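Trainee: I'd like to go through some side-chain labels and see what backs each one up. Can we take them one by one?

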Amino acid sequence: MTASVYFASSSKVWSSIDWVYGIEECGYDGWEISADGNYRIEEPLAFRRICEVIETTSLGISVHAPFTDLNIGSLNYPIYQESVRQLCACVEKAGEITDRVTIHPGYVSPHGRLVPGNVWDLHKDALREIGRCGIENGVLVCLENMPDIPDFLCRMPEELFGMIDGVEGVSATIDVGHANTVGKVDAFLSYLGSAGHMHIHDNHGSADEHLALGAGTIDWEMVGACVKKQYDGICVVEGRNLTEAAESLDTFRRWFR
């Protein structure tokens with residue numbers, strides 16, 4: 001199997017869009033749009049600028065939905081409703097440029113800890129609505145595993161895949177860097193054949209550092225071997241800048257192809 005490799009940088013969401021041309025110059029196959037800040041695709045001006053880049057490059061496109069201040073696990077119903085609405089709006093617009101959108105799970109509030117079953121049910125309901133939106137717009141919605149940050153849902157593989165079980169239109173984004181912060185890289189990779197999308201970046205196992213591939217403790221030879229056997233989708237390098245993007249691409253070419 002041969003995976004394609006895209007680049008994304010959430011640290012660039014307030015930057016001028018000119019930096020994106022460097023993704024193609026580095027040799028990447030595509031760009032995952034971090035749809036926040038200046039890149040909220042449902043904003044007409046932002047979307048027009050994004051389309052201009054798409055039309056003047058050969059980059060493939062995927063989208064990471066916004067997550068700033070959103071929580072599809074909120075028991076505060078107006079916040080819950082607005083979170084679902086914004087994610088559906090992103091998915092609907094993304095359908096014009098891609099068939100793949102990653103979303104973050106919600107998190108548990110102090111009051112939510114008292115009724116975890118309610119949070120789980122609300123979260124599943126949100127995914128069902130977002131998944132229906134994805135189906136209607138030709139987009140596979142992919143729920144991402146989270147790093148080791150207290151109260152986030154879906155830090156463990158069983159929780160992530162349990163959350164999406166039976167939800168039409170929703171698959172999983174396996175984030176290897178996040179998995180390393182909870183010591184579960186091997187466990188997540190065992191689900192790789194069922195994943196719809198993949199994020200890769202490095203760290204030292206204790207924080208979500210988003211380092212270049214090879215700059216942390218993840219065994220990329222092992223990860224690359226698993227990808228070659230089980231996965232032929234998109235691998236998105238989530239990095240901080242184009243210098244590190246080039247370093248990551250060298251590592252990717254060494255172990256993933």
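Mentor: Sure, let's start with D148, which is partly exposed, with a relative accessible area of 45%. Bear in mind that this is a predicted model, where local features need pLDDT of at least 70, side-chain atom pairs count only at pLDDT 80 or more, and totals for chains, interfaces and linings use all residues. Residues are numbered from 1 along each chain as its sequence is written, and side-chain values use heavy atoms, with hydrogens and water left out.

Trainee: What makes D148 partly exposed?

Mentor: Buried means under 20% relative accessible area and exposed over 50%, with partly exposed in between (1.4 Å probe, protein chains only). D148 has 45%, so it gets the middle label.

Trainee: How do you know that R155 forms a salt bridge with D148?

Mentor: The closest N and O atoms of R155 and D148 are 3.4 Å apart. A salt bridge needs a side-chain nitrogen of Lys or Arg within 4 Å of a carboxyl oxygen of Asp or Glu, so the pair counts. R155 is partly exposed too, at 23%.

Trainee: And D151 with R113, what distance do they have?

Mentor: Their closest N and O atoms are 2.9 Å apart, and they form a salt bridge. That pair links distant parts of the chain: D151 is in the loop between β5 and α5, R113 in the loop between β4 and α4, 38 residues apart. The β and α names come from DSSP runs, numbered from the N terminus: helices are H or I with at least four residues, strands E with at least two.

Trainee: Why is the pair of F7 and W19 called edge-to-face?

Mentor: Rings of Phe, Tyr and Trp (its six-membered ring) pair if their centres lie within 6.5 Å; planes under 30 degrees apart count as stacked, over 60 as edge-to-face and the rest as tilted. Here the centres are 6.4 Å apart and the planes at 75 degrees, so edge-to-face it is.

Trainee: Is F7 buried or exposed?

Mentor: Buried, with a relative accessible area of 0%. W19 is buried as well, at 12%.

Trainee: What does D202 have around it, if no salt bridge?

Mentor: D202 is buried, and the nearest side chain of opposite charge, R240, is 11 Å away. Its side chain does have a polar atom 2.9 Å from the backbone nitrogen of G214, and reaches the backbone nitrogen of A215 at 3.4 Å.

How values were computed. Lys, Arg positive; Asp, Glu negative; His and termini not counted. Polar contact = N/O pair within 3.5 Å; in protein donor to acceptor, adjacent residues only side chain to side chain.
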